[in-house]
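Welcome, and thanks for taking a look at this one with me. Here are a few notes to read alongside the structure.

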Amino acid sequence: MKILFLCSGGDAPGMNRYIWELYSKFKKDLYFAYAGFDGLIKGKIFPLSSVIDKSLKDEAGTVTKTSRCPEFKQAKYFKMGLENAKQFDVVIVFGGNGSQKGAKQLFENGINTIFVPGTIDNDVLDCEYSIGFSTAVKEGVYAIDNSMPSNDAMDLACIYEVMGRESDRIALKVAEMVCADYCISDKKSLNLEKLKKIIEINYENQLSTCIVLRENLIDPKELTDKLNQEFQKKIVRFHIVGRTQRGGKPTEEELNMATKYAKKTVQCIKSKTYGVRLLANLDLDVETKPFI
Ligand code: F6P
């Protein structure tokens with residue numbers, strides 16, 4: 001049996017654990033497409049044994065490399081990728097919603113495909129937990145916990161921008177964990193007057209203010225400058241947490257979820273269950289659902 005694995009889109013902490021678990025099961029039968037669909041198109045396909053490294057199994061990143069590959073949506077490049085995919089009995093695609101579409105398209109063209117959700121944003125359709133989320137939240141909390149005491153010392157407000165692309169899930173979870181004073185997770189919650197009031201009251205009471213902002217809503221510098229201008233003093237700062245959320249050491253929950261996803265993948269391959277998405281439910285058990 002020949003199994004092909006690829007990571008696609010942004011890397012997510014936990015990917016390496018998933019890869020390791022899969023490798024432990026399939027060894028020489030397992031291959032990977034270098035940096036995702038790009039490698040599939042170009043035929044950059046290698047045995048996983050050439051990159052596997054046990055010492056990296058609990059580290060962030062991915063030994064197979066990953067990339068965003070908009071070309072895969074074009075018929076010409078898709079066909080090239082499809083031809084290479086045809087050499088395998090199974091193709092496993094690991095990534096977010098965009099990658100899921102690529103996996104579905106391969107399945108519709110006769111490839112035995114399995115999709116596994118891996119994105120820190122945790123915004124995969126029908127899925128309660130995608131690999132990377134717990135670590136991304138942990139890193140957001142870490143950044144805030146390690147800088148708020150300094151803001152407390154000066155009664156300052158700080159806007160922390162966290163990742164999440166179009167999804168509010170990281171911002172909401174981080175805000176909940178640090179008991180933030182305000183969370184801007186979507187356009188509706190971007191209420192400047194309310195935010196100003198909170199900062200003002202805290203400042204008058206010699207208190208700091210912790211604000212969590214989801215990326216792609218408003219430029220944190222612009223927001224900070226605007227608030228400081230209105231207060232006519234510099235009492236607001238900002239900090240972009242950003243990419244440290246992707247590179248953070250995977251949490252125990254992350255590693256457990258990655259292992260669960262790998263076990264389910266093995267079950268699917270053994271039972272020849274293809275054309276499926278692996279999705280964690282509310283109890284964080286991994287289920288299979290057909291592509292939609
Ligand atoms: O999708 C994961 C993610 O980390 C998003 O939270 C973020 O918006 C995006 O990737 C950043 O992508 P890139 O690293 O390609 O700029």
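The points below go from the domains to two charged residues.

1. This is a predicted model, in which local features need pLDDT of at least 70 and side-chain atom pairs count only at pLDDT 80 or more, while totals for chains, interfaces and linings use all residues. Residues are numbered from 1 along each chain as its sequence is written, and side-chain values use heavy atoms, without hydrogens and water.

2. An automatic or database domain assignment gives domain 1 (3-132 + 250-290) and domain 2 (134-247). Their C-alpha centres lie 34 Å apart. To the contact (heavy atoms within 4.5 Å), domain 1 brings 17 residues and domain 2 brings 13 residues.

3. Together the two domains bury about 1200 Å², with 45% of it on carbon and sulfur atoms; this is accessible area (1.4 Å probe) lost on being put together, summed over both parts. On the domain 1 side, I120, D121 and T251 lose the most area to domain 2, together 40% of what that side buries.

4. Two salt bridges cross this interface, each a side-chain nitrogen of Lys or Arg within 4 Å of a carboxyl oxygen of Asp or Glu.

5. Is E161 buried or exposed? E161 is buried (under 20% relative accessible area, 1.4 Å probe, protein chains only) yet has no salt bridge. The nearest side chain of opposite charge, R243, is 8.5 Å away. The residues that E161 touches include L213, H239 and G242.

6. K249 sits in the loop between α10 (244-247) and α11 (252-270). Among its contacts are D58, E59 and K138.

Note on methods: Buried < 20%, exposed > 50% of the residue type's maximum accessible area, 1.4 Å probe, protein only. Lys, Arg positive; Asp, Glu negative; His and termini not counted. Helix = DSSP H or I, 4+ residues; strand = E, 2+ residues; numbered from the N terminus. Lists of a residue's contacts leave out its neighbours within four places in sequence.
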